[in-house]
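You asked for a colleague's reading of this model, set out point by point. The notes below follow the strands first and then turn to the packing of side chains.

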Amino acid sequence: MSWRRVILVTGLILAEPITNLALPVSGAGESFAGSESAGFSDDRTVELLTHDLSVELIPDRHQLLATDRLVLKVLTSGLEQVSFSLNAALRVGRIHEQHGAASRPLSFTVQGPGTRREVTGKDSPPPGSGGSQQDQTVQMVTVRLDRPVGVGQQLTLEWTYEGAINDPPREPRHLRFVTPSETGGHIGSEGVYLSGETHWYPDIEGALPTYRVRIVAPAGWEAVTHGRQVSRLAEDRTVMADWEVTARTEALTLVANRFVKARRTWRDSTGKTIEVAAYLFPEEASLAEEYLDASVRYLEAYTKLLGPYPF
């Protein structure tokens, strides 16, 4: 039994405070550190190394405003273009290549369901509204580099994009437990659920990058994703949280709502500390200690069977 399997099985307990609210067990905590082919696209022309995302959530308008600075390693000689998947409800404003202090706009082609358009680096399109269930399909964005790039070189591409993601779950459970089969992703006043199936950030099939994510949400909200929360700043109108995912992971799930957080520090037999956290609605906050107790019991049981918790 691998740690990946344990995470998926025990996620029913370890992640239940989150799955109660939005996060599917199948999307939480899967990582493939150590894979020799980690991060390669199907044609093995590039390896997607990191995402550095900055995301603003506007639930009342179902809207996401995002910037993603991603780093690629080139695996083939003379690379001239790279293709990414992205939710068709999101419209790319611009893509720049960052090289030190210099920034160069790049042209890109967008091909979605029945559409194809050319975008130059200087003529960014206006933001799209998106928002219908039909829009929750994938578009392909092909970025054209301004010169051939050789093997082993790294590229830093900064994307700016936005749009409305509004596909309410088809079961009336108010985002308390959602799976990708019930929604392609949703941003609304009742909660936010964005999974890997939502394609809410540019991605390459088969990629296993690491992530840094800055999330800005309305005051009173809490945003939760994988990895470790490294900072949180609450102001009058917004809450800003920074998360870091250092384990190479195939997809990133983000949920947000008016959560109450309870936490506990657990120490394994080697002295390593792990934060165990539960995010619950206020009316369910009294269940926090029960969830934390159960999570600790599972950690103690499986670390004895499999060794130290690796994340």
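1. A convenient place to start is Tyr 193, which stands opposite Val 255 in β17. The coordinates come from a predicted model, and every remark below should be read with that in mind. The two strands concerned, β12 and β17, run antiparallel and are joined by three bridges. On its other pairing, Tyr 193 of β12 is the bridge partner of His 186, and here strand β11 (residues 185–188) pairs with β12 in the antiparallel sense, again over three bridges.

2. These strands belong to an open sheet of five, ordered β10-β11-β12-β17-β14 and paired in the antiparallel sense. Its edges are formed by β10 (166–167) and β14 (222–224), each of which pairs on one side only. At the β14 end, three bridges hold β14 and β17 in an antiparallel pairing, with Ala 223 placed opposite Ala 256 of β17.

3. Strand β17 (residues 254–257) deserves a closer look, since Leu 254 and Ala 256 point one way from it while Val 255 and Asn 257 point the other way, and all of them are buried. In a regular strand, side chains alternate between the two faces of the sheet.

4. An open sheet of eight strands is also present, in the order β5-β4-β9-β2-β1-β13-β16-β15 and with mixed pairing. Because β5 (102–105) and β15 (228–234) stand at the edges with a single partner strand each, one side of each has no neighbour in the sheet. From one strand to the next, the twist averages 20°.

5. Within the eight-stranded sheet, strand β1 (residues 46–58) and strand β2 (residues 63–74) are paired in the antiparallel sense over twelve bridges, and Val 55 is found opposite Ala 66 of β2. Further along the order, β13 and strand β16 (residues 238–245) run antiparallel and are joined by eight bridges, one position being Val 216, whose bridge partner in β16 is Met 240. Strands β15 and β16 form a hairpin with three residues between them; six bridges join this antiparallel pair, and Arg 232 has Ala 241 of β16 as its bridge partner.

6. Turning to the side chains, the largest nonpolar core contains 55 residues, and those with the most contacts inside it are Leu 57, Leu 64, Trp 159, Tyr 161 and Trp 200. Leu 64 touches, among others, Val 55, Leu 57, Leu 90, Tyr 161, Ile 187, Leu 194 and Trp 200, when residues up to four places away in sequence are not counted. Apart from the largest core lies another of twelve residues, including Ala 262, Trp 266, Tyr 291 and Leu 299. In soluble globular proteins, nonpolar side chains tend to be buried together.

7. How many aromatic pairs does a search of the whole structure find? There are six aromatic pairs. In the pair made by Tyr 201 and Tyr 211, the ring centres are 5.8 Å apart and the planes lie at 75°, so this pair is edge-to-face. Tyr 201 sits in the loop between β12 (191–194) and β13 (210–218), whereas Tyr 211 is in strand β13, ten residues apart. Burial here means under 20% relative accessible area; Tyr 201, at 3%, is therefore buried, and Tyr 211, at 1%, is buried as well. Together with Trp 200, the residues Tyr 201 and Tyr 211 form one aromatic cluster.

Note on methods. Residues are numbered from 1 along each chain as its sequence is written. This is a predicted model: local features need pLDDT of at least 70, side-chain atom pairs count only at pLDDT 80 or more; totals for chains, interfaces and linings use all residues. Side-chain values use heavy atoms; hydrogens and water are left out. Two strands pair if DSSP finds at least two bridges between them. Helices (H or I, at least four residues) and strands (E, at least two) are DSSP runs, numbered from the N terminus. Axes are lines fitted to C-alpha atoms, for helices over the stretch in contact, and angles run from 0 to 180 degrees between N-to-C directions. A nonpolar core is a set of buried Ala, Val, Leu, Ile, Met, Phe, Trp, Tyr and Cys residues joined through side-chain atoms within 4.5 Å. Buried means under 20% relative accessible area, exposed over 50%, partly exposed in between (1.4 Å probe, protein chains only). Contact means heavy atoms within 4.5 Å. Rings of Phe, Tyr and Trp (its six-membered ring) pair if their centres lie within 6.5 Å; planes under 30 degrees apart count as stacked, over 60 as edge-to-face and the rest as tilted.
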